[in-house]
Amino acid sequence: MLVKTWKVSDAKCLQQIPAGMQPAIDNWRNEMKNNFTITYRADGTYESHMNQNVIKGKWKLNWNSSAIKVENETGDSKNSDIIELSANKYTFKEEAGKQEFIFEMIPVK
């Protein structure tokens with residue numbers, strides 16, 4: 001079910017956002033919703049696009065598909081917890097610094 005191209009339908013920060021930072025978070029969320037896609041391929045590779053930036057790498061699910069590990073071409077890797085994965089929705093939790101984010105993805109039509 002993961003093998004397709006996904007786009008962000010929503011992104012949420014799980015920690016409290018200081019009021020002064022809320023506009024920056026809102027801008028980031030809108031950028032993600034309008035400009036980010038990721039394609040997972042059956043051969044275990046992925047390609048993400050954000051504006052003109054392209055990142056390629058490898059992906060792998062854990063034994064019960066509750067987590068995904070992605071590693072880009074430079075060797076940087078991230079592990080994310082999968083909250084939901086169906087034909088029409090892919091939701092995962094990811095840490096960035098000391099913040100946790102929930103990303104809700106839908107298939108690109």
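1. Asn72 is buried, because its relative accessible area is 19% and the cut-off for buried is under 20%. The residue lies in strand S5. Leaving out residues up to four places away in sequence, Asn72 touches Tyr46, Ile55, Lys56 and Gly57. Keep in mind that this is a predicted model.

2. Glu47 is also worth a look. Its relative accessible area is 16%, so Glu47 counts as buried. Strand S3 holds this residue. Neighbours within four places in sequence aside, Glu47 is in contact with Thr37, Ile38, Thr39, Arg41, Val54, Ile55 and Lys56. Ile55 and Lys56 are also among the residues that Asn72 touches. A distance to note: the C-alpha atoms of Glu47 and Val108 are separated by 14 Å. Along the chain, these two residues are 61 residues apart.

3. Now the overall layout. The chain has one helix and eight strands. Read from the N terminus, the order is β-α-β-β-β-β-β-β-β. The helix therefore comes after one strand and is followed by a run of strands.

4. How does the radius of gyration of the chain compare with that of a compact globule? For 109 residues, a compact globule would have a value near 13 Å. The chain has 14 Å, which agrees. Along the principal axes, the C-alpha atoms fill a box of roughly 45 × 30 × 30 Å.

5. Burial and surface come next. Of the 109 residues in the chain, 32% are buried. Glu47 and Asn72 are both buried. The chain exposes about 7000 Å². Carbon and sulfur atoms supply 50% of that area.

6. Contacts across the sequence deserve a point of their own. Take the contacts in the chain with a separation of 6 or more. Residues 24 or more positions apart account for 41% of them.

7. The largest pocket has a volume of about 590 Å³. The lining consists of 24 residues. Closest to the pocket centre are Phe36, Ser48, Ile55, Lys78 and Glu94. Ile55 appears again here: this residue is in contact with Glu47 and is touched by Asn72.

8. Which strands each supply at least two residues of the lining of the largest pocket? They are S2 (36-40), S3 (45-50), S4 (53-61), S5 (67-72), S6 (77-85), S7 (90-96) and S8 (99-107). Strand S3 is where Glu47 lies, and strand S5 is where Asn72 lies.

9. What is the make-up of the lining of the largest pocket? It divides into 15 nonpolar, six polar and three charged residues.

10. Two backbone angles should be checked by eye. Phi of Asn51 is near 55 degrees, a positive value in a residue other than glycine. Asn51 has its place in the loop between S3 and S4. Its relative accessibility is 43%, so Asn51 counts as partly exposed.

11. The other angle belongs to Ser65. Phi of Ser65 is near 60 degrees, again positive in a residue other than glycine. Ser65 is found in the loop between S4 and S5. With a relative accessible area of 33%, Ser65 is partly exposed.

Notes: Residues numbered from 1 in each chain as written. Predicted model: local features only at pLDDT ≥ 70, side-chain atom pairs only at ≥ 80, totals over all residues. Heavy atoms only, no water. 1 Å grid on protein atoms, 1.4 Å probe; cavity = no way out; pocket = protein on both sides within 12 Å on 5 of 7 lines; lining within 4 Å. Points joined across faces, edges and corners; volume = space filled by probe spheres on them. Helix = DSSP H or I, 4+ residues; strand = E, 2+ residues; numbered from the N terminus. Nonpolar A, V, L, I, M, F, W, Y, C, P; charged D, E, K, R; others polar. Buried < 20%, exposed > 50% of the residue type's maximum accessible area, 1.4 Å probe, protein only. Rg over C-alpha atoms; globule rule 2.2 N^0.38 Å. Contact = heavy atoms within 4.5 Å. Areas by Shrake-Rupley, 256 points an atom, 1.4 Å probe, with all protein chains shown as cover.
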